[in-house]
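Student: I have a model open and would like to go through the labels attached to it. Can we take them one by one and see what each rests on?

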Amino acid sequence: MSPSMSERLRRQIAARLAKPRRLFVTPGGDEFAAWCRDLPGTAVEVVVSARALHELVTEPCLPLADLDAVQAYAQQQFAHYFGSAAQRFAIAPWKLGETAGASALHGLDLAALRTQAETANVRLAAVRPAWAAWLASLPAATRAGSGRAVWHEGDVSVVIQLDRGRVTGLQSRRVQQITDLGGDAPLAVGTPADELIPQPGPVTPQPDFLPRSGRSPLAWPLAATGALVLATAAWSAVDSHRGLDVAQAARDRVATLRPASVPKPAARGRAEPAENRSANEARALLAMPWEPLLTRVETAGAEAKTIAWLGMDASAGRGELRLEGLTPDKLLALQLAEQLGTTPGWRQVVLSRFSAAETGLVGQRFEINARVATGGGS
């Protein structure tokens, strides 16, 4: 049985607010299909097996100014080596200083992954090569060294050459054992059993097969949360209007039975029906200037760097906004509130709550309340 509209909305909201969990996926993507089937309404970062990837590192002298240029060059190279099959590859470019490269996804259908995620209301936060997630999880001292780091999966290894923390080479090789690689002992060896938790340290390549956009990573979660607020309010308004129509029909039937000599009671002082209030709130939400509002929130959060947004509530009728997030330091939350308070159209911005995060969340939970200008100029 397909989920109801309210259940789909609940799952979408849950997925937008959920912290992504990592899932190791092999060619074919059976692990992801099982995730979507068993865990709808969640968020996931897919780390892709080396068996499903081709790798490329460019020559440092090539004039590749940005990721778009790296991707275009990589597509040409993959087409040269793999022929027409390369047209189906999703490409994830990366660039660090003079070194650039790209991963090609040949063992998974990215469009199918995204369709599965959308159907199950699973938020697909990222689709990254496993070697990149593992490299970012190494201790800073290891990543800052010189030598080889090896991501190993059975008979496939990805050899990453480091020079004082800089990635200078990357190659996928067929080997039976690490010792078959020869040379000095690797700085580190990783396998799919490792816990891939990012650690501070030198910047590492972070290729992502999902389409790039000009917004910060916070934009889409916040925009989608706002859209879901609107959708929920609009859905409530539809139900309220149905109830209002039924109530009005009942009142009309009573009016036809009332004796003509009995006057109708005066309407003075009558409160606005709840149905009308819900409909008015939905219209006000739709009229709010969501684009500049969400852009300001995402920019402030990105500048704070360690701020992680959890959710947002809005009351358009009162021009009120409530933001929830996580931070390791109360001072950062205070600075964020002060920064938002200097934004035109924002006033009465206060840090209204600061407490320990719930089990499973890292940091301190905070709430910021504010009055914001709405589409009606309030």
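**Labels and their grounds**

Tutor: Start with a pairing, bearing in mind that this is a predicted model. Strand E12 (residues 320-327) and strand E14 (residues 364-372) run antiparallel and share eight bridges.

Student: What makes E12 and E14 a pair?

Tutor: Two strands pair if there are at least two bridges between them. E12 and E14 have eight bridges, so they count as a pair. One of the partnerships joins Glu320 to Arg371 in E14.

Student: Which strands make up the open sheet, and in what order?

Tutor: The order is E11-E12-E14-E13, with antiparallel pairing. Strand E11 (308-315) and strand E13 (346-356) each have a single partner strand, so they stand at the edges with one side lacking a neighbour in the sheet. On average, neighbouring strands here are turned by 15° against each other, direction ignored.

Student: Which helix packs on this sheet?

Tutor: Helix H10 (residues 330-341), which touches E11, E12, E13 and E14. The direction of H10 makes about 165° with that of E13.

Student: What is notable about the phi of Gln348?

Tutor: Phi of Gln348 is near 50°, a positive value in a residue other than glycine. Most residues other than glycine have a negative phi. Gln348 sits in strand E13.

Student: Is Gln348 buried or exposed, and how do you know?

Tutor: Its relative accessible area is 54%. Exposed means over 50%, so Gln348 is exposed.

Student: And Asn121, buried or exposed?

Tutor: Asn121 has 6% relative accessibility, and the limit for buried is under 20%, so Asn121 is buried. Asn121 also has a positive phi, near 55°, and is found in the loop between helix H4 (110-119) and strand E6 (123-129).

Student: Why is strand E8 (residues 156-163) called mostly covered?

Tutor: Six of its eight residues are buried. E8 is joined antiparallel to strand E7 (residues 147-153) by seven bridges, and to strand E9 (residues 166-174) by eight, also antiparallel. Ala149 stands opposite Ile160 in E8, and Val158 has Ser172 in E9 as its bridge partner.

Student: Which residues take a positive phi in the hairpins of E7 with E8 and of E8 with E9?

Tutor: Gly154, near 60°, in the hairpin of E7 and E8, and Arg164, near 50°, in that of E8 and E9. Each hairpin has two residues between its strands.

Student: What makes the approach of Glu45 to Arg128 a polar contact?

Tutor: The side chains of Glu45 and Arg128 come to 3.5 Å. A polar contact requires a pair of N or O atoms within 3.5 Å, so this value meets the cut-off. Glu45 lies in strand E2 (residues 43-48) and, at 12% relative accessibility, counts as buried.

Student: Why is the pair of Phe82 and Phe89 called edge-to-face?

Tutor: Their ring centres are 5.9 Å apart, and pairing requires centres within 6.5 Å. The planes stand at 65°, and over 60 counts as edge-to-face, so the name follows. Phe82 is partly exposed at 36%, whereas Phe89 is buried at 14%.

Student: And what makes the pair of Trp134 and Trp151 tilted?

Tutor: The angle between their planes is 50°, with 6.0 Å centre to centre. Stacked needs under 30 degrees and edge-to-face over 60, so an angle of 50° is left as tilted. Trp134 lies in helix H5 (residues 130-136) and Trp151 in strand E7, so the pair ties together parts 17 residues apart in sequence. Both Trp134 and Trp151 are buried.

Note on methods: Residues are numbered from 1 along each chain as its sequence is written. This is a predicted model: local features need pLDDT of at least 70, side-chain atom pairs count only at pLDDT 80 or more; totals for chains, interfaces and linings use all residues. Side-chain values use heavy atoms; hydrogens and water are left out. Helices (H or I, at least four residues) and strands (E, at least two) are DSSP runs, numbered from the N terminus. Axes are lines fitted to C-alpha atoms, for helices over the stretch in contact, and angles run from 0 to 180 degrees between N-to-C directions. Contact means heavy atoms within 4.5 Å. Buried means under 20% relative accessible area, exposed over 50%, partly exposed in between (1.4 Å probe, protein chains only). A polar contact is a pair of N or O atoms within 3.5 Å; within protein, one must be able to donate a hydrogen and the other to accept it, and residues adjacent in sequence count only if both atoms are side-chain atoms.
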